[in-house]
Amino acid sequence: MRYAPVLPVAIPLIAAALLAALSKAISQAASLIIAIAATLGAMGACVLLAGASRSESIVYWFGGWRPHAGVALGISFVIDPLGAGMAGFAGILTLAALAFSAKYFDTAENHLHALILAFLAAMCGFTLTGDMFNLFVFFELMSAAAFALCAHKTEDPGSLQGALNFAVTNTIGAYFILTGIALLYARIGALNMAQIGQTLGREHPNKLVFVAFAFVVCGYLIKGALVPFHFWLADAHAVAPTPICVLFSGVMVELGLYAVFRVYWAVFDPVFHIHIAGLRALFLSVGALTAVLAGVMCYSQRNIKRLLAYSTISHMGLMTIGAGLFDPVALSGAAIYVLGHGLVKAALFLCSGILLHRFGTVDELELHGVGKPLKWTAAVFVLGGIALAGTPFSGISAGDASLHSAAEHLGYHWVRWISLFAGTMTSAAVLRVAGRVFWGWGPARERASGAAPKSDEKRETQSGHKTIPSSMFLPAAVLLLAGLFLGMMPALPQSTLKAAAQFTNSSAYDARVLGGVSIAIPGPAMPETNVTFSLIAVGLAILIPAAQLFSRQARVLSKAIGPAMKWLHALHSGHVGDYVAFLTFGVAVFALACVFILQ
Amino acid sequence: MSYLPYAVAAWLFIIGLYGVITSRNLVHLCICVSVIQSSSYVLLLAIGYRTGRPAPVYADIPAGTPAVDPVVQALMLTDVVVEVTVMALLLALAVQVHKRLGTLDPDRLRKLRG
């Protein structure tokens, strides 16, 4: 039990090294079994740690380098239920991706399993660490594994382009983070998050600290794919192997957001707390812009994987709003939202993988009507689409309930409408795809309005296209059911709320890490649920695609907004230089806003 | 300690970003990424440097002597190791692009857009 805190990283990392070394010697089935066993082991350790850290965070000092007289030189893991829960969730999705890939990659070499395990180890370390530089190193390990996984189909030029855009933008993001950490170190002389936070709180911050904050936050927001840092995500998702998309969309981008708020609460809260209203406005505007823009982009796609990718960006905007309210109730809502969204989105991506396996394309218009025999896949796809709008009892609606009640309480009444818009658009897009593909609704040969790109993705499987193996369908169905009924778990809101209160209590964090003492954390009050809005969202999400597919007037309307959509699509040019230009602009604006707000 | 190293670090970061944005060749683009990376090396070393102080090897200097900060040097070394991996991956992707498309111009990568 003494070494339990390192197990979520150590087990998958050792298994990954083992698989990489033995990749020629053992069969694919054996490799898969080892990978699944290692994932289960890491997941079990995360669950244990989440349970054990419920009353107070677990602090583990590597090599026994404990703080001496309140000065921390060693590297620590600081484990609380929210972090361990995220790591465990990464384990669940990894398990689904591994199961799905069992029959999916006929030619898969074992190094794919090794890469997935390295990716999981990095994600676990990322959520558990209590050290700024350690966070950066796990970020880089996670990124490197993700780049390699994304470029798995090295034969396909599109895949190379997507991986390049992903790798270049995220690597530049990592340099922003490192520069920010270096500036902070220059000022404070410490790398432990609690130590930096405590020292910062004692002195008057200057512009150097503001810029360091902006660089670190922007670096992680690039991973979180918020506007204007979001360009890489759609490209990476459109080309990555489908099981990998599950991991990217379901947990990796959310971890970018997790890091932003972990760093804020552990490091910057003591010194920036007086400016919290300004920071709230900043994060809420970024989140709202992301949710709306990506919602529109999502509805105008015809490549199903790209559509789901924009849907993820849109929902990331909502999660940013939740976490960016800087309130434990809203944060607990965002945390439940991450689970609810991740489960549903994973199921939807797996369905798109099934379509790619069966028909060799994920282009919505080419698939017109061909999905009629796939009754069960259709059911999962439609229910997943509706769940994105936040059906009652789903994880998304449970998250929304906490998020909205906190927003109302803080006076941000418009958050509800942004949420309604994003939920409706992303849900409507999925339902439109379902109508076209599984029932053949709408005209058979329709010219695409706007400039949405055609998909010519290569099949990822070589044989058995007539049937759908249960190892592909079952993970999708199980994940969907979990996402649909997550909100019915009675203990979930209360325990998440406690975890969020623990996460946001920076003085307790500092005291626990540096002094080893624990401070009792008061539990905030529970929110009430409101189902009217989610029912409106579901209704609209059904009406919009129905109108587009069946009514002439709607087609006139879509022609009218065609030029605006064309312009939006042209912005997403697929050119890495353009993406970096937007990124640079975004960081500059964000840094200026930070200096202005925090002065 | 002069401001020169910090100015160099800022310059390298900005010129590297400019290079990535305007690059017409993927290998050139990768080199520009590593120019940005060099900026972080210069910054880290500048932060830890103490003029006229010895290296932090306490074998032949008395304990407690002020020395150059070893922590940032360790950070820089870690950074080098991590980034070598990423750079190798980026260059491997560039090689694959050249194999498949016969070009290294990012303007000719036109598969994904919108």
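Me: In which helix of chain A is confidence lowest, and in which is it highest?

Reply: This is a predicted model, in which local features need pLDDT of at least 70 and side-chain atom pairs count only at pLDDT 80 or more, whereas totals for chains, interfaces and linings use all residues. Residues are numbered from 1 along each chain as its sequence is written, while chains are lettered from A and ligands numbered from 1 in the order in which they are written. The quantity to read is pLDDT, the predictor's confidence in each residue, from 0 to 100; helices (H or I, at least four residues) and strands (E, at least two) are DSSP runs, numbered from the N terminus. In chain A, helix H21 (residues 552–560) has the lowest confidence, at a mean of 76, and helix H12 (residues 304–324) the highest, at 95. Over residues 447–451 of chain A the pLDDT is below 50, and beyond near neighbours in sequence this stretch has 14 contacts in the model, a contact being two residues whose C-beta atoms, placed from the backbone, lie within 7 Å.

Me: How many residues does each chain bring to the contact between chain A and chain B?

Reply: The contact takes 36 residues from chain B and 40 residues from chain A. On the side of chain B that touches chain A, helix H3 of chain B gives the most, with 14 residues. By class, that side of chain B has 22 nonpolar, eight polar and six charged residues, where Ala, Val, Leu, Ile, Met, Phe, Trp, Tyr, Cys and Pro count as nonpolar, Asp, Glu, Lys and Arg as charged, and the others, Gly among them, as polar. For the complex the predictor gives an ipTM of 0.96 and a pTM of 0.93.

Me: How should I read a strand, and are the residues of strand E2 of chain A buried or exposed?

Reply: In a regular strand the side chains alternate between the two faces of the sheet. A residue is buried if 20 or more other C-beta atoms lie within 10 Å of its own, exposed if 12 or fewer, and partly exposed in between, with C-beta atoms placed from the backbone. In strand E2 (residues 76–79) of chain A both faces are covered, since A:Ser76 and A:Val78 on one side and A:Phe77 and A:Ile79 on the other are all buried. Strand E1 (residues 58–61) of chain A runs antiparallel to E2(A) and is joined to it by four bridges (two strands pair if DSSP finds at least two bridges between them), and A:Val59 has A:Val78 as its bridge partner in E2(A).

Me: Why does A:Phe176 count as buried?

Reply: A:Phe176 is buried because 25 other C-beta atoms lie within 10 Å. A:Phe176 lies in helix H6 (residues 157–188) of chain A, and, leaving aside its neighbours within four places in sequence, A:Phe176 is in contact with A:Phe215, A:Cys218, A:Gly219 and A:Val587.

Me: Which backbone angles deserve a look in the loops, beginning with phi of A:Ala69?

Reply: A:Ala69 has a phi near 55 degrees, a positive value in a residue other than glycine, and is found in the loop between E1 and E2 of chain A. A:Ala69 counts as exposed because it has 5 C-beta neighbours inside 10 Å. A:Phe393, also not a glycine, has a positive phi of about 75 degrees and lies in the loop between helix H14 (375–388) and helix H15 (395–409) of chain A; with 17 C-beta neighbours inside 10 Å, A:Phe393 counts as partly exposed. The peptide bond from A:Val227 to A:Pro228 is cis, with omega near 0 degrees.
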